[in-house]
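Hello,

Here is the structure we talked about handing over. Please open it first, then read the notes below.

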Amino acid sequence: MGTATGIIKALNSGVKHLAVKRFTLRYPEQKLKFVGDGYQFDPSSGVAIAGLKGRHMLFHDHCTGCQLCSIACEGVAEAIGMVKVPDKWGQNAKSIMPQIDYGKCVFCGLCVDACPFYALYMSNDYELSSFTKEGLIYTPAQLQVKPQVQQDSELIIDKRGARHG
Ligand code: SF4
Ligand code: SF4
């Protein structure tokens, strides 16, 4: 009796869900299209610009090497290390810039809030998986690369965050 009831319940649940549209996306063929370019912070006005907190974007021509982003991260995840960069920038006397370990980063955005020079934003790039720990460490050179819009995927816009397929 118990088994029969269980089967009926399972079938009932299955039938009910036939009418429910799928909530998940067929990743990677389908991906979310985000509004805006990601999370930013305007240090002049102290106002944040809402957006996805994905992989950071570092603007070398703005970064002074002040380390405030690294200090902000110290109490959170210690994901930022300051490293030497080969290029000389007039505003960056020590030629040091942040390198970010995405094995540690919790995507809180505090480093972006701490940057006074419009040098650090967060982009819509969330595809950061790697087979190695080293592959999760992004150098200043990697952080300055703008994320590419995927040409081989159907981009889905949805007000609820995901649309039924
Ligand atoms: S977003 Fe990542 S790198 Fe920036 S402060 Fe938070 S944990 Fe650190
Ligand atoms: S990214 Fe901003 S906070 Fe970090 S070192 Fe460069 S200028 Fe300073």
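A residue counts as near a molecule if one of its heavy atoms lies within 4 Å of it. Keep in mind that this is a predicted model.

**The ligands**

Start with ligand 1. His56, Cys73, Ala77 and Ile80 are part of its surroundings. So are Cys105, Val106, Phe107, Cys108, Gly109, Cys111 and Met122. By class, nine residues of this shell are nonpolar and two are polar. None is charged. One member of the shell, Cys108, is partly exposed, at 31% relative accessibility.

Now ligand 2. It has 13 residues around it. Those that come nearest are Cys63, Cys66, Gln67, Cys69 and Cys115. This shell holds 10 nonpolar residues and three polar ones. Again, no charged residue appears. Cys69 is buried, with a relative accessibility of 9%.

What about disulfides: how many does the structure hold? Zero. The cut-off for a disulfide is two cysteine sulfur atoms within 2.5 Å.

**The aromatic rings**

There are four aromatic pairs in the structure. Take Phe34 and Tyr126. Their ring centres lie 5.8 Å apart and their planes meet at 85°. Planes over 60 degrees apart count as edge-to-face, so this pair is edge-to-face. The two residues are 92 apart along the chain, and the pair links distant parts of it. Phe34 is in the loop between strand 1 (30–32) and strand 2 (40–42). Tyr126 is in the loop between strand 7 (120–122) and strand 8 (137–138). Phe34 is partly exposed, with a relative accessible area of 25%. Tyr126 is partly exposed too, at 35%.

Next come Phe59 and Tyr121. Here the centres are 5.3 Å apart and the planes stand at 65°, so this pair is edge-to-face as well. It also links distant parts of the chain, with the two positions 62 residues apart. Phe59 sits in the loop between strand 4 (56–58) and helix 2 (68–74). Tyr121 belongs to strand 7. Is each partner buried or partly exposed? Phe59 is partly exposed, at 30% relative accessibility. Tyr121 is buried, at 17%.

Ring pairs also join Tyr102, Phe107 and Tyr138 into a cluster. Phe107 is one of the residues around ligand 1 as well.

One more ring to look at is that of Tyr39. The charged end of Lys53 sits over it, 4.5 Å from the ring centre.

Best wishes

Definitions and conventions: Residues are numbered from 1 along each chain as its sequence is written. Chains are lettered from A and ligands numbered from 1 in the order in which they are written. This is a predicted model: local features need pLDDT of at least 70, side-chain atom pairs count only at pLDDT 80 or more; totals for chains, interfaces and linings use all residues. Side-chain values use heavy atoms; hydrogens and water are left out. Ala, Val, Leu, Ile, Met, Phe, Trp, Tyr, Cys and Pro count as nonpolar, Asp, Glu, Lys and Arg as charged, and the others, Gly among them, as polar. Rings of Phe, Tyr and Trp (its six-membered ring) pair if their centres lie within 6.5 Å; planes under 30 degrees apart count as stacked, over 60 as edge-to-face and the rest as tilted. Helices (H or I, at least four residues) and strands (E, at least two) are DSSP runs, numbered from the N terminus. Buried means under 20% relative accessible area, exposed over 50%, partly exposed in between (1.4 Å probe, protein chains only). A charge sits over a ring if NZ of Lys or CZ of Arg is within 6 Å of the ring centre and within 35 degrees of the ring normal.
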